[in-house]
Amino acid sequence: MKRTCFLALAISATLLQGCAMVPGQHFSARALNRGDDPENSHVVLLQITPALLATAATSARTVPTALLDYQPQAYVLGPGDTLYITVWDHPELTSPAGSQQQTVANGRTVRPDGTLFYPYVGTIKAAGLTIEELRQAISRKLAEFVSKPQVDVSVTGYGSQRITLAGAFTHTDAQPVTAVPMTLAQVVGSAMVDSTLADLSDLVLTRDGKDYHLDLNAPGKGPNAVQGIYLKPGDRLFLPYNDNHEVYVMGEVLRPQAITFKTSDLTLTQVIGRAGGLNPVTADGKAVYVIRGVANLARAPATVFHLNAHSPAAFALADDFKVRSGDVVFVGASGVTQWNRVLSQLLPLSGIVGNAALTNQRMGF
């Protein structure tokens, strides 16, 4: 009988201890700042407030000045370019292969050494010259044989300067640089983005050995828009895939999962919505957290953003909070739910203890 009472007291003590051990899944800013736990040094807790969102908006990624300030220069000829040179009133110079031939048959290709040959002019250096500079050079040479020559030069084939593309484009063929300046929007439009696989928030433009990270989804119009950046010969565009661009939703939501996204404007409201929303039975609306920087804990503390979503007005803040790749969205359980889970773990143990006590009574202990 004494053993039965002892076991009952042990169960009661265990239950009370379980209640004390499960106070509710809330981070405490005071506890974090005190450093009571060594793990607290790895976490910085911030409340999601209008002031925080305003600060994040002002620190959003901007287009680098070096890209916006670049203005295209006159096209410079190079090896591989094909030129069509017209000398007015002199068809024997303009079309030595015959006027019935296609234009390409009468074209002049800049040789690998940067030179080309033209009747009465001979071999002339073309690479490194603009179209206008080459026209003037040919005119001066022809003036020794033709009175006041009227010369026109046009490029019929571009082969010397290109923009290379890689990543989640439908067409990754290098695009030639032409005499008409090309913007980022034009090149991306020609290459066609694979919308299902691309990460639009992190296009990498490599220029002169330096990488620039651009957000194709960023709003903007006019001269400061990403799409209006002029590209230059030798630029390289890399559009990453979104297979690693994920945010992880855990805790008391209806569908915990990893959510893949391709833009930079996915909000906390959208993340919770894709996960089915907060569990109406088990979730604690005051315990919504976004944990950022988990992958770099060895180098810097993680940042935990706390949202009190107990009131509908809080979702107005959540709708302005942008999540990032690698974020962990965690929704804590309500106090009653946690207590019920403790009971569910301890009740089987109490049943075993009760059966053992009954057996002892029958055996006369």
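This report walks through a predicted protein model, from the whole chain down to one helix and one sheet.

Let's start with the big picture. The protein has 365 residues, and 38% of them count as buried. DSSP-style elements are plentiful to look for: you can find 10 helices and 16 strands. On the outside, about 20,700 Å² is exposed, with carbon and sulfur atoms supplying 57% of that area. Now take the contacts whose separation is 6 or more: 64% of them link residues 24 or more positions apart.

Next up is helix 6, which covers residues 131–142. Its 12 residues stretch 17 Å from the first C-alpha to the last, close to the 16 Å expected at 1.5 Å a residue. Which residues of helix 6 are buried? They are Leu134, Ala137, Ile138, Ser139 and Leu142. These buried residues pack against several other elements, including helix 5 (91–94) and strand 6 (151–157).

Now for a sheet. Five strands make an open sheet with mixed pairing, in the order 8-7-11-9-10. Strands 8 and 10 are its edges, so to speak, each pairing on one side only. In general, strands of a sheet pair through backbone hydrogen bonds, either parallel or antiparallel. Strand 9 and strand 11 run antiparallel, and 3 bridges join them. One place to spot this is leucine 205, whose bridge partner in strand 11 is leucine 237.

Here are some strands of that sheet, with their residues:

| Strand | Residues |
|---|---|
| Strand 8 | residues 175–176 |
| Strand 9 | residues 203–207 |
| Strand 10 | residues 210–214 |
| Strand 11 | residues 236–239 |

Technical notes: Residues numbered from 1 in each chain as written. Predicted model: local features only at pLDDT ≥ 70, side-chain atom pairs only at ≥ 80, totals over all residues. Heavy atoms only, no water. Helix = DSSP H or I, 4+ residues; strand = E, 2+ residues; numbered from the N terminus. Expected span 1.5 Å × (residues − 1). Buried < 20%, exposed > 50% of the residue type's maximum accessible area, 1.4 Å probe, protein only. Contact = heavy atoms within 4.5 Å. Areas by Shrake-Rupley, 256 points an atom, 1.4 Å probe, with all protein chains shown as cover. Pairing = 2+ DSSP bridges.
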